[in-house]
Amino acid sequence: MKIAPSILNADFANLAHDVQVVENGGADYLHVDIMDGQFVPNITFGPSMVAALRPVTKLVLDCHLMIEAPERFVADFAKAGADILTLHVESTPHIYRALQMVKAAGVKAGVVVNPGTPLEMIKNVLPLVDQVLVMTVNPGFGGQEFLPAMLSKVKRLDQLRQTNDYQFEIEVDGGISNETVKACSDAGTDVFVAGSYVYGAADPAQQIQTLRNIAASND
Ligand SMILES: O=C(CO)[C@H](O)[C@H](O)COP(=O)(O)O
Ligand SMILES: [Co+2]
């Protein structure tokens, strides 16, 4: 199981410090939310943020690209030091080619589906990817409510993976907290993104530990 704090909810004026806090607190990935104001109704940052983060952390940089035609920026994010590039299937008519570009750049490739997008849309790229991200909120903002209907999507994805011996990890993103992490774990999730639950608390390291404990518990 992996915990991936999202810097969307960190203090941007003290980002290196906030990254250190979750790295020392046992995080596995650092989730970097890239938004372009087109694909989603919000703007964050681009490859220069990834380049700035690279020397200050050993954490895996798990970059979630919420941008139109992400294939335009694959080379820039790879050069900046991204470890995983996860692309929305809804963001390009050329998802297969875009994922091939990610892999050719030596970066792990992920595909992501919005809550309204069926798994049928990504069936043909499942043999290609290292990670499948199931959005458990509509993308664009942190602090939204978890959508429980997405649990059946995670379960079906896990079944597809077992039946076909696919190698990808399943990640969930949006509304992950002490109240929702266990259901996601039971459904077959490997990687848990958490923004406001981790950074909205006084002790982010404790929050990471709590998520890990609850996800791994047997009750
Ligand atoms: O991709 C995202 C939003 O589009 C973020 O990763 C996600 O919302 C994390 O924030 P929170 O845990 O507060 O829901
Ligand atoms: Co995200």
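**The ligand shell and its surroundings**

By class, the shell around ligand 1 breaks down into 12 polar, eight nonpolar and two charged residues. The whole picture comes from a predicted model, so read what follows in that light. The shell counts 22 residues, and those that come nearest to ligand 1 are Ser6, Pro139, Gly142, Gly195 and Ser196. Three elements give two or more residues to this shell: S2, strand S8 (191-194) and helix H7 (196-199).

Next come the annotated positions. An unreviewed UniProt entry places the feature "active site" at Asp33 and Asp173. These two span 141 residues in sequence, yet their C-alpha atoms are not more than 10.5 Å apart, so they gather at one spot. The UniProt feature "binding site", also from an unreviewed entry, is placed at His31, Asp33, His64 and Asp173. Here the span in sequence is 143 residues, but again no two C-alpha atoms are more than 10.5 Å apart, so this set gathers at one spot too.

Taking these residues one at a time, Asp33 is found in strand S2, which covers residues 29-35. Asp33 has 25 other C-beta atoms within 10 Å; the cut-off for buried is 20 or more, so Asp33 counts as buried. Setting aside neighbours within four places in sequence, Asp33 is in contact with Ser6, Leu8, Thr44, His64 and Met66. Ser6 thus turns up twice, as a contact of Asp33 and among the residues that come nearest to ligand 1.

Asp173 is found in strand S7 (residues 169-173) and is buried as well, with 24 C-beta neighbours inside 10 Å. Beyond four places in sequence, its contacts are His64, Leu133, Met135, Thr136 and Val193. His64 therefore links the two acids in contact terms, because its own contacts, with the same sequence neighbours left aside, are His31, Val32, Asp33, Ile34, Thr86, Val112, Leu133 and Asp173. His64 lies in strand S3 (residues 60-66) and is buried, with 27 other C-beta atoms within 10 Å.

Away from the annotated residues, there is the nonpolar interior to look at. In soluble globular proteins, nonpolar side chains tend to be buried together. In this model the largest nonpolar core has 65 residues, and Cys63, Ala82, Leu85, Val132, Val134 and Phe192 have the most contacts inside it. The largest share of this core, five residues, comes from S2, the strand that also holds Asp33. As for Ala82, residues up to four places away aside, it touches Val50, Leu61, Cys63, Phe77 and Val107.

Zooming out, the protein chain has eight helices and eight strands. Its radius of gyration is 16 Å, close to the 17 Å from the globule rule for 219 residues, so the chain is as compact as a globular protein of that length. The C-alpha trace spans about 40 × 40 × 30 Å along its principal axes. Buried residues make up 42% of the 219 in the chain. Of the contacts between residues at least 6 apart in sequence, 63% join residues at least 24 apart.

Finally, a look at Gly46, which lies in the loop between S2 and helix H2 (47-53). Gly46 counts as partly exposed, with 17 C-beta neighbours inside 10 Å. Gly46 and Asp186 are 140 residues apart along the chain, and their C-alpha atoms are separated by 34 Å.

Key
Residues are numbered from 1 along each chain as its sequence is written. Chains are lettered from A and ligands numbered from 1 in the order in which they are written. This is a predicted model: local features need pLDDT of at least 70, side-chain atom pairs count only at pLDDT 80 or more; totals for chains, interfaces and linings use all residues. UniProt positions are given in the numbering used here, feature names are shortened, and annotations may be inferred rather than shown by experiment. Helices (H or I, at least four residues) and strands (E, at least two) are DSSP runs, numbered from the N terminus. A residue is buried if 20 or more other C-beta atoms lie within 10 Å of its own, exposed if 12 or fewer, and partly exposed in between; C-beta atoms are placed from the backbone. Two residues are in contact if their C-beta atoms, placed from the backbone, lie within 7 Å. A residue is near a molecule or strand if its C-beta atom, placed from the backbone, lies within 6 Å of it. Ala, Val, Leu, Ile, Met, Phe, Trp, Tyr, Cys and Pro count as nonpolar, Asp, Glu, Lys and Arg as charged, and the others, Gly among them, as polar. A nonpolar core is a set of buried Ala, Val, Leu, Ile, Met, Phe, Trp, Tyr and Cys residues joined through C-beta atoms within 7 Å. The radius of gyration is taken over C-alpha atoms; the globule rule is 2.2 Å times the number of residues to the power 0.38.
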